[in-house]
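Please work through the exercises below with the sequence and the model side by side, trying each task before reading its solution.

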Amino acid sequence: MGTTNGVGDAGGSNVTMKMARVPAEGVASTGRVYERIRVMAMTYQFRPGERINEIALAEQLEVSRTPLREALNRLVSEGFVSVVPGRGFFGRMLDAKEIHNLYEVRASLEETIIRLACERASDEELLELEAFARSRPTQENGKSLEALRHDEEFHLRIARMTHNAEFVRLLDGINSRIHFVRWIDMRRHKKLDMKSHVRFAQLLRERDVAACLTDSSVVIRRRYHEIVDVIRTGIAEIYMTPGEPR
């Protein structure tokens with residue numbers, strides 16, 4: 001997870017800040033502040049249930065409180081942090097039911113995306129997807145994060161083939177909210193089928209909707225008890241053990 005630097009708030013709680021200080025010009029706009037904090041939230045650099053110290057965070061990012069507050073409010077609306085009136089912003093909880101629900105939504109969303117991609121994607125797009133699939137990195141030697149990011153991009157590329165930006169936006173939002181859990185899950189399962197993306201890209205090239213849906217449902221749909229086990233591991237990663245950056 002990288003180096004941990006605890007930052008205390010006025011109430012005495014600590015928020016884990018594992019992000020190097022960045023130049024002011026790098027986070028000058030509200031959009032850039034939002035992107036920085038979004039990454040911190042999706043990787044649980046704000047511990048579950050702990051109050052976010054806005055003063056310390058503003059100093060770390062070298063920005064004023066106004067764009068910071070705007071970014072945090074946006075992240076509340078997107079489900080990345082929580083807010084308690086009169087008390088401030090808090091790191092979101094690792095809730096098994098919420099994660100399970102997000103997996104269900106993702107599975108249903110990807111079914112629609114696959115149907116439309118098979119119908120609308122150009123031959124050139126499908127060839128490019130297969131080439132990208134063949135570049136899939138191994139998750140050995142601590143590269144599970146790299147492998148996860150490649151997987152997320154693979155599915156986003158399929159969403160772009162629908163030529164509907166809303167599908168891309170929705171899938172990206174869900175992927176971000178389950179990013180940490182998927183990273184933990186990928187670390188727990190050391191073996192990764194390097195040919196699965198290539199196989200799926202070939203099915204898309206054949207525009208075989210039924211085969212694509214069967215392949216996708218096996219991978220995406222997760223049982224509740226599996227998610228609970230992953231979350232237990234995730235909690236341990238957050239609070240106890242150092243590891244690779246998330």
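The exercises go from the whole chain to its cores, one helix, the aromatic rings and some single residues.

This is a predicted model, in which local features need pLDDT of at least 70 and side-chain atom pairs count only at pLDDT 80 or more, while totals for chains, interfaces and linings use all residues. Residues are numbered from 1 along each chain as its sequence is written, and side-chain values use heavy atoms, with hydrogens and water left out.

**Exercise 1. The chain as a whole**

Find the mean pLDDT of the protein chain, and the stretch over which the pLDDT is below 50.

Solution. Begin with pLDDT, which is the predictor's confidence in each residue, from 0 to 100. Its mean over the protein chain is 84, and 80% of the residues reach 70 or more. Next, look at residues 1-28, where the pLDDT is below 50, although this stretch has 77 contacts in the model beyond near neighbours in sequence (a contact means heavy atoms within 4.5 Å). Then take the secondary structure: the protein chain has 11 helices and four strands, these being DSSP runs numbered from the N terminus, with helices (H or I) of at least four residues and strands (E) of at least two. Finally, 48% of the 246 residues count as buried, where buried means under 20% relative accessible area, exposed over 50% and partly exposed in between, with a 1.4 Å probe and protein chains only.

**Exercise 2. The nonpolar cores**

Determine which residues of the largest nonpolar core touch the most other members, and which helix supplies its largest share.

Solution. A nonpolar core is a set of buried Ala, Val, Leu, Ile, Met, Phe, Trp, Tyr and Cys residues joined through side-chain atoms within 4.5 Å. The largest one has 46 residues, of which Ile 99, Ile 158 and Leu 204 touch the most other members. Helices that each supply at least two residues of this core include H4 (96-120), H6 (144-160), H9 (196-205) and H11 (224-239), and the largest share, 10 residues, comes from H4. Now follow Ile 99: leaving aside its neighbours within four places in sequence, this residue is in contact with Arg 177, Ile 178, Val 181, Ile 227 and Ile 231. A second, separate core of 19 residues includes Val 33, Leu 57, Leu 68 and Phe 80.

**Exercise 3. One face of H11**

Explain why the buried residues of H11 can be said to line one face of the helix.

Solution. Start with the span: H11 has 16 residues and reaches 23 Å from its first C-alpha to its last, close to the 22 Å expected at 1.5 Å a residue, the expected span being 1.5 Å times one less than the number of residues. Next, list its buried residues, which are Ile 227, Val 230, Ile 231, Gly 234, Glu 237 and Ile 238. Seen down the helix axis, they fall within an arc of 115°, so they line one face of H11; the arc is that of the directions from the helix axis to the C-beta atoms. What covers these buried residues includes H4 and H8.

**Exercise 4. The aromatic pairs**

Work out how the rings of Phe 154 and Phe 200 are arranged, and whereabouts in the chain the two residues lie.

Solution. Rings of Phe, Tyr and Trp (its six-membered ring) pair if their centres lie within 6.5 Å, and planes under 30 degrees apart count as stacked, over 60 as edge-to-face and the rest as tilted. A search of the whole structure finds three such pairs. The rings of Phe 154 and Phe 200 have centres 6.3 Å apart and planes at 70°, so this pair is edge-to-face. Phe 154 lies in helix H6 and Phe 200 in helix H9, 46 residues apart, and the pair thus links distant parts of the chain. Phe 154 counts as buried at 1% relative accessibility, and Phe 200 is buried with a relative accessible area of 6%. By contrast, the rings of Phe 180 and Trp 183 have centres 6.0 Å apart and planes at 40°, so that pair is tilted. Both residues lie in helix H8, three residues apart, about one turn of the helix, and both are buried. Ring pairs also link Tyr 44, Phe 180 and Trp 183 into a cluster.

**Exercise 5. Positive phi**

Locate Glu 62 and Arg 207, and state the phi of each.

Solution. Most residues other than glycine have a negative phi. Glu 62, in the loop between helix H2 (54-61) and helix H3 (65-77), has a positive phi near 60° and counts as partly exposed at 34% relative accessibility. Arg 207, in the loop between H9 and H10, has a positive phi near 55° and counts as partly exposed at 30%.
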